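Got a new structure open and wondering where to look? Let's take a walk through it together, one part at a time.

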Amino acid sequence: MSATEIGPRIPLGAWIESGVDWVTDAFGVLFDLVRTILVASFDAAETLLTSPPWWVVVAVLSALAFWAKGWRLGVGALLGFVVVLGVDQWDNAMASLALVLVASFIALAIGIPLGVWAARDDRVSATVRPVLDFMQTMPAFVYLIPVVVVFRAGVAPGLVATIIFALAPGVRFTELGIRQVDREVVEAGHAFGAPPGRILRQIQMPLAMPTIMAGVNQVIMLSLSMVVISGLAGTRGLGREVVSALSTIDIALGFEAGLAVVILAIYLDRITSALASRSPVARALQATAAR
Amino acid sequence: MTILAADGVFKVFGRRPGEAVRQLRAGASRDDVLALGTPAVIDASFTVEAGETFVVMGLSGSGKSTLLRMLNGLWRPTAGTIRLGDADLGSISARDLRTLRQERVSMVFQHFALLPHRTVLENAAYALAVRGVDGAERRRRAGEALEMVGLGGWEDHLPAELSGGMRQRVGLARALAAGTDVLLMDEAFSALDPLIRREMQDQLVELQQSLGKTIVFITHDLNEAMRLGDRIAVMRDGRIVQIGTSEQILSEPANDYVAQFVADVDRTRVLTAGSVMVRPRAVVVVGAGPRGALREMRDAQTSAAYLVDRNRRLLGVLRDDDVLAGQRRGVETLAELTRDEVTAVGVDAPLAEIFAPSAETPLPVPVVDDDGRLVGVIPRVTLLEAMAPTESANGDGSGGTAAAASAPPGRTNGTLSAPATAVRA
């Protein structure tokens, strides 16, 4: 039984489409500006990662792992990047890393302040929550269609789709972290006459930092998971390799590009979770737990 | 001089607080207006004089914490006025309120509310940092406050490295360093172990004698209220049911509720061993040998000592003559020289159960925890004193505030002279 038998079909899709068309026309200049900024940021990040000789980049990334966690992660990172080089995916991996870094940075720059606002105002929280649910559960491919229409093929639609998809945990974890801060400690700030900005900066943010860092980790992991999907929009990097392997049934290429994604994922995950446990509050809590 | 004055103060949480207040004023009971909101404080009026320790006592849910939080504007009253000095806390602007908190009123919290990632010194200096006092001056004043509460030398530690009692000392130092004349204390000692709690109470009384702050102290513990308070307000279900000195509350309870509370104080079944015990004077660890045991007794100027093992578990009582005789005979292990003449009681044992053990011996009755560790002792005189607050209160006759300030009748343990810096092992 089709819906038309019980009533007229709702042309929801058509409405959305005409809405997108209208937005594209009306805000064309704005979108061009956004596109220019996104492409420039991506190019800058990619240049930073690919213009030095590969061994310099490998050394810096491994040293970062060593500093964040210890020699095991340092050596592991080194081996991982050598494998990526060995299967000739280095340039693609760096393009994907640039995409992840730019998208995560923008998603956090939007998400953390929004999370702070939501934590301070219940109405904002109630408004933001369903929007985030929508953004996170809508199949990620669906974003690509209007985004490609608006931003045309290339890096920009991949970045925008990634940012939308990865935004939610940044907001949620920030809100949760700040709401979880011991009420008495916040009260102490008020009781000694600290203004709200100071309480946010010196009490709420530091005490929420372990939770916010877990959100940062999630944002980065979700960005990486969008890498393959954004390949569909023609974004350079490992995603495009996977997509082309899929369309030519090239098992070898598909596996090599996929493995490079896994190595990047493990690297980014371990680094961000190590950084989370280095915040002053996390350390103080570890000291308490050790007693 | 009146520092704080509350007049007809209501605080109702919920959807229609204004209507709830109107009905409460018209005589409705707390339960009648629950559909409109939850009345936390109902028609509270009192004044606090300069230099006074004013205790608000009530069980949990009686509204005492809400009342306290209205005294520094953390909550605004739904109706009624609260004045701190010249300022009306109901209508003051947010900016003036912050200034008032920085300069006039500070607060000590039940769970300490310290910043875990800041050092003890930085925590103590928090109020000064907020006020914009420069670095050197800030460190100097915070250091002085820490010295005052007996935490000199701990400046660079993190709160996590301190015991509960020491953390609350930091909380107290933070409030003292602020240099405000009014101190609000919200169940400040309730989260601490009984002996530490009493040390803190004694220390607060001492500090109060030298500093003369105006203190509003919230507690659910009547003994604590009696020890600290010049005057006590008893709260029940949001209402203040009686305000008076401890003598007045004990001898002229305003209604059955207060009477019941006070009756409980007199009853030996409510006071526990843990609440009256004092530090044992002479404790000998089993490895010390007869010579060590005798030295310990001589230093403590007693003729008997408690023998414990390495984990502080009580093994028995040593008498000086037994130890001397044993030493002559060449006995090396102290365990052979103990007597079984004292019976230990548990921390939670009511005083009623301590009379029999106390009558058997002139020695203080040892108090042990669940693991059999010696945590304190009860000398007979302490037991008798704990029984007698009502009589001594009546003996004072007039029940004047001044008399209560110098010697609250509930303070039975003047003998407890533990150093302020003592730390829980």
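What follows is a short tour, from chain A to the contact between the chains, and then on through chain B.

One thing to keep in mind as you look around: this is a predicted model.

**Chain A**

Let's start with chain A, whose secondary structure comes to 13 helices and 0 strands. Reading from the N terminus, you meet one α element after another until the chain is done. Taken along the principal axes, the C-alpha atoms of chain A fill a box of roughly 60 × 55 × 40 Å. Of the 291 residues in chain A, 38% are buried. How much of the contact in chain A, counting separations of 6 or more, comes from residues 24 or more positions apart? They account for 75% of those contacts.

**Where the chains touch**

Now for the contact between the two chains, which takes 20 residues from chain A and 21 from chain B. On the chain B side, α3 (94–103), β6 and α5 (126–131) each supply at least two residues. Which of the elements of chain B gives the most to the side that touches chain A? That would be α3(B), with 4 residues. By type, the chain B side divides into 12 nonpolar, 6 polar and 3 charged residues.

**The cores**

In soluble globular proteins, nonpolar side chains tend to be buried together. Here, the largest nonpolar core has 163 residues, and those touching the most other members are L159(A), A124(B), L146(B), A173(B) and A177(B). Helix α5 of chain A (residues 90–120) gives the most to this core, with 16 residues. If you want to zoom in on one spot, try A177(B): leaving aside its neighbours within four places in sequence, its contacts include A124(B), A125(B), L128(B) and R141(B). There is also a second, separate core of 33 residues, with A305(B), L334(B), V368(B) and V375(B) among them.

**Sheets of chain B**

Chain B has strands to look at, so here are two of its open sheets side by side.

| Sheet of chain B | Strand order | Pairing |
|---|---|---|
| 6 strands | β6-β7-β8-β3-β9-β10 | mixed |
| 3 strands | β11-β12-β13 | mixed |

In the sheet of 6 strands, the edges are β6 (105–108) and β10 (239–244) of chain B, each pairing on one side only. Neighbouring strands of this sheet are turned by 20° against each other on average, direction ignored. Inside that sheet, β3(B) (residues 53–57) and β9(B) (residues 231–236) run parallel and are joined by 4 bridges. To find that pairing on screen, look for V55(B), which stands opposite I232(B) in β9(B).

Turn next to the sheet of 3 strands, written β11-β12-β13 in chain B. Why is one side of β11 (283–285) and of β13 (314–319) in chain B left without a neighbour in the sheet? Both stand at the edges and each has a single partner strand, so one side of each stays unpaired in the sheet. Here the neighbouring strands are turned by 30° against each other on average, again with direction ignored. Strand β12(B) (residues 304–308) runs antiparallel to β13(B), with 5 bridges joining them. A305(B), for example, has L318(B) as its bridge partner in β13(B). Lying across β12 and β13 of chain B is helix α14(B) (residues 320–329), which runs at about 85° to β13(B).

**A hairpin and a helix**

Further along chain B, β15(B) and β16(B) form a hairpin with 5 residues between them, and G372(B) in the turn has a positive phi of about 80°. The two strands run antiparallel and are joined by 4 bridges, with G376(B) in β16(B) as the bridge partner of V367(B). β15(B) also pairs with β14(B) (residues 345–346), this time in the parallel sense over 2 bridges, and V345(B) stands opposite V367(B) there. Which way do the residues of β15(B) (residues 365–368) point? V365(B) and V367(B) go one way, P366(B) and V368(B) go the other, and all are buried.

Last stop: helix α16(B) (residues 380–387), where T382(B), L383(B) and A386(B) are the buried residues. They sit on the same side of α16(B) because they cover an arc of only 100° around the axis. On the other side, V381(B) and L384(B) are exposed. The buried residues of α16(B) pack against α12 (273–276), α15 (355–360) and β16 (374–378) of chain B.

Methods:
Residues are numbered from 1 along each chain as its sequence is written. Chains are lettered from A and ligands numbered from 1 in the order in which they are written. This is a predicted model: local features need pLDDT of at least 70, side-chain atom pairs count only at pLDDT 80 or more; totals for chains, interfaces and linings use all residues. A residue is buried if 20 or more other C-beta atoms lie within 10 Å of its own, exposed if 12 or fewer, and partly exposed in between; C-beta atoms are placed from the backbone. The arc is that of the directions from the helix axis to the C-beta atoms. Two residues are in contact if their C-beta atoms, placed from the backbone, lie within 7 Å. Two strands pair if DSSP finds at least two bridges between them. Axes are lines fitted to C-alpha atoms, for helices over the stretch in contact, and angles run from 0 to 180 degrees between N-to-C directions. Ala, Val, Leu, Ile, Met, Phe, Trp, Tyr, Cys and Pro count as nonpolar, Asp, Glu, Lys and Arg as charged, and the others, Gly among them, as polar. A nonpolar core is a set of buried Ala, Val, Leu, Ile, Met, Phe, Trp, Tyr and Cys residues joined through C-beta atoms within 7 Å.
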